[in-house]
Amino acid sequence: MVTVLEPDTKQNGKDAASRTEAEGRRCALSRIRNIGIMAHIDAGKTTVTERILYYSGRLYKMGEVHEGTATMDFMPQEQERGITISSAATSCTWMNHQVNIIDTPGHVDFTIEVERSLRVLDGAVAVFCGVAGVQPQSETVWRQANKYKVPRIAFVNKMDRKGAVLQNVIAQMKERLAAPAEALQMPIGSEENFQGVVDLVSMKALLFESESLGSRFEISEISDGMYAEALAHRARLIEAVADKDEELLHLYLEQPEVPAEALMAAIRRQTVAGRFVPVLCGTALRNKAIQPLLDAVVHYMPSPLDVPAIVGHDPKDDAKQVVRHSSDFEPLSALAFKISADAYVGRLAFVRVYSGMLKKGQNVYNPRTRKRERLGRILRIHANTREEVEMLYSGEIGGIAGLKNITTGDTLCAENQPVVLERIEFPEPVMSMAIEPKTSADREGLQQALETLAAEDPTFRTLIDPDTGQTIIHGMGELHLEIIKDRMFREYRVQARAGRPMVAYHETIRTTARSEHVFQREIGGRGQFAQITLEVSPRARGTGNKIEFHVSADCIPTEFREAVEEGIKDGLVTGILGNYPLTDVLVNVTGGKFHPVDSTELSFRMASVMALRDASSSAMPAILEPVMAVEIITPEEYMGDVLGDVNSRRGRIKEMALKEAAQIIHAEIPLAEMFGYATALRSLTKGRASYSMEPEMFEVVPEAIQESILNR
């Protein structure tokens, strides 16, 4: 991206800055880019981020993931394993623009970090391996970005590796992701001879010097041997953009030699609208072609002014929409997307300010708790270092300390003009593990550590087994639970014993059933009476539970409805068959009776639990197990052994494809059958195969398996 094009700061014919920005801002709203770096594990996200920080002057020395020195991987567990576990925030300056970056994990166990980051970002850079192309977690993060309508740029990394082909990756993006992707660059040289890129927008060649670690590069004319191919690729690029952009189409019909500035403006319009994905390439580890990626972030990613205004609802009326625009002068609205326990500042909340300003010492209102709290410190964050500031303005991302009751997904707003922003959806845990303190002295420390970790990570949950009294922790996979356990030992100095990981089963129902329950007791010398009639019916898989009331206030007075709902939720959590939570159930409260003296919240709550259990027991209850989408890459000579092993694990083969000398198998396998699979696969293929997996769905387990689960 050689030609500099300043993004348009005009909106509706008026100067946006005069309407939206307060005095004292560090950077104009039009010059802010809030982006995330996302990809499959080992595609090179963190290395790309390190190079961005180095070339922008934020770091004076490059860190390396494989050496455990990457700035963004600051947790001991990240440095030891060479993977990103927790999303890390930072910022840098490029071409007078403030680029706020969140580096997200690639491992499926930590997919919530991607989810909550994309929720608050305006754009994303999707990193793909030039050899492996679109991998399973690539598809997951792409779907997450689609969900939040986040504009994207693609960066094809590792172009210096054997087998790296840019056009193959773009073809996979179009096929597997349905992405409107087109290359803005051509590689100069291939594999170990990769030297730089041809910029198809400006039609210049960029050659990077190895001696300066890529800091210096030469801009030159395209060589005669590549010029014809570059012209053909540029024509394809223009046609792809013009097909979506009417303004460029008119220009192209009048003037086939489209100027670089006009092409850049059209690419920006369509990228911001989510109708086009620019694709760039390079090699982060070899320090080549990262600066053009930064240029593309500035040129093509949206500012807070370019994205639609955030929409929430009135906390007193869910049906009433409340709109907040990116402006320092609008009422405050901010979303807490991550909670972290910091050794120096205590409970630290990462927030994105959508409108208004957050000021040190200010009182903010939390609609969830219906309480006002006072802000302590306000921080700008660079990985694990903090810089204290007086103010966070609209469009900015930062940290706040001092709020005791804040949780992930909470909205912070002005009390006199409240708004509730859409909360972040969290996936259900698929694995559990029993844990207990080594000594009675560790019991309190273990409880505190679990509470703190659960507050940080919404996909980590803890509960007490009602039958055994054991503490059970739930997470997204073996690695997730292993990291949680390791953090308890290291950070919280808790000595504990942990059992082996187990599958987190759910329960559901397969038919409709109805029940009526009368709760009539005498407790503490006082009568207790409540009668509940309800109906349960199955919902579509993955839609969760829903509670409806089709009953008049004459049967169940309004003041008892909350108790009925709480009782139903209690019953859904404990399940019927094996104390696993019930899911995908519609509960319809259709009738009831009350006594003007003896009816209490307790009686209605107990009647609701009993009625739900009776109805669910008659509705053909079944156990659900998590099923994983698995991708296995194996040399062809081991194909038969690998397929036989997949079948022995109750796996279903969905698709097989040949890629160069390797076979790629896509299968669905129950999580219960995947324990120890890494070792088994290495043994079958002499260490030459690899696999990755991610949660796909929950399915009813076969009768024989259900019996063995319940008889453990």
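**Helix packing and local geometry**

Helix α8 passes α9 in a left-handed crossing. The model is predicted. Two packed helices are described by the angle between their axes and the distance between the axes. Here α8 covers residues 246–254 and α9 covers residues 260–272. Their axes lie 9 Å apart and make an angle of about 155 degrees. An angle over 145 degrees counts as roughly antiparallel, so α8 and α9 are roughly antiparallel to each other. On the α8 side, the contact is made by E247, L248 and L251. On the α9 side, A262, L263, A266 and R269 take part. By class, the α8–α9 contact comprises 5 nonpolar residues, no polar residues and 2 charged residues.

Both of these helices also serve as packing partners of α7, whose buried residues pack against α8 and α9. Those buried residues also pack against helix α6 (166–176) and against strands β8 (181–183), β9 (185–188) and β10 (196–199). The buried residues of α7 are M226, A230, H233, R234, L237, I238, A240, V241 and A242. Helix α7 itself runs over residues 224–242 and holds 19 residues. Its end C-alpha atoms are 27 Å apart. This agrees with the expected span, because 19 residues at 1.5 Å a residue should span 27 Å.

Helix α5 was examined in the same way. Its 12 residues, 136–147, reach 17 Å from the first C-alpha to the last. That is close to the 16 Å expected at 1.5 Å a residue. Buried positions in α5 are P136, Q137, S138, T140, V141, W142, Q144 and A145. Just after α5, K149 has a positive phi of about 55 degrees.

A second helix pair is formed by α11 and α12. Helix α11 spans residues 443–456, and its axis comes within 11 Å of the α12 axis. The two axes cross at roughly 130 degrees. Angles from 65 to 115 degrees count as roughly perpendicular and those over 145 as roughly antiparallel; α11 and α12 are therefore oblique to each other. The crossing of α11 past α12 is right-handed. From α11, the contact draws on L446, A449, L450, L453 and E456. From α12, it draws on I484, R487 and M488. The α11–α12 contact contains 6 nonpolar and 2 charged residues, with no polar residue.

After α12 (478–490) comes a loop that leads to β30 (496–498), and R493 lies in this loop. Most residues other than glycine have a negative phi. R493 instead has a positive phi, near 55 degrees. R493 is exposed, because its relative accessible area is 64% and exposed means over 50%.

A similar case follows α15. R650 sits in the loop between α15 (639–648) and β38 (652–659). Its phi is positive, near 60 degrees. The relative accessibility of R650 is 25%, so R650 counts as partly exposed.

Helix α15 also packs against another helix, α16 (residues 677–685). The axes come within 9 Å and cross at roughly 150 degrees. Because that angle is over the 145-degree limit, α15 and α16 are roughly antiparallel to each other. Their crossing is right-handed. In α15, the residues at the contact are D641, V642, D645 and V646. They meet Y677, L681, L684 and T685 of α16. This α15–α16 contact divides into 5 nonpolar, 1 polar and 2 charged residues.

Two strand residues complete the survey. A334 belongs to strand β16 (residues 333–342). A334 is buried, with a relative accessible area of 0%. Neighbours within four places in sequence aside, A334 contacts R352, V353, Y354, L358, D410, T411, L412 and L421. N168 stands 166 residues from A334 in sequence. Their C-alpha atoms are 41 Å apart in space.

Q321 is placed in strand β15 (residues 317–324). Q321 is exposed, with a relative accessible area of 61%. Outside the four neighbouring places in sequence on either side, Q321 is in contact with V311, G312 and H313. The C-alpha atoms of Q321 and V419 are separated by 8.8 Å, although the two residues are 98 residues apart along the chain.

Conventions
Residues are numbered from 1 along each chain as its sequence is written. This is a predicted model: local features need pLDDT of at least 70, side-chain atom pairs count only at pLDDT 80 or more; totals for chains, interfaces and linings use all residues. Side-chain values use heavy atoms; hydrogens and water are left out. Axes are lines fitted to C-alpha atoms, for helices over the stretch in contact, and angles run from 0 to 180 degrees between N-to-C directions. Helices (H or I, at least four residues) and strands (E, at least two) are DSSP runs, numbered from the N terminus. Angles under 35 degrees count as roughly parallel, over 145 as roughly antiparallel, 65 to 115 as roughly perpendicular and the rest as oblique. A crossing is left-handed if the near helix is turned anticlockwise from the far one by less than a right angle, and right-handed if clockwise. Contact means heavy atoms within 4.5 Å. Ala, Val, Leu, Ile, Met, Phe, Trp, Tyr, Cys and Pro count as nonpolar, Asp, Glu, Lys and Arg as charged, and the others, Gly among them, as polar. Buried means under 20% relative accessible area, exposed over 50%, partly exposed in between (1.4 Å probe, protein chains only). The expected span of a helix is 1.5 Å times one less than its number of residues.
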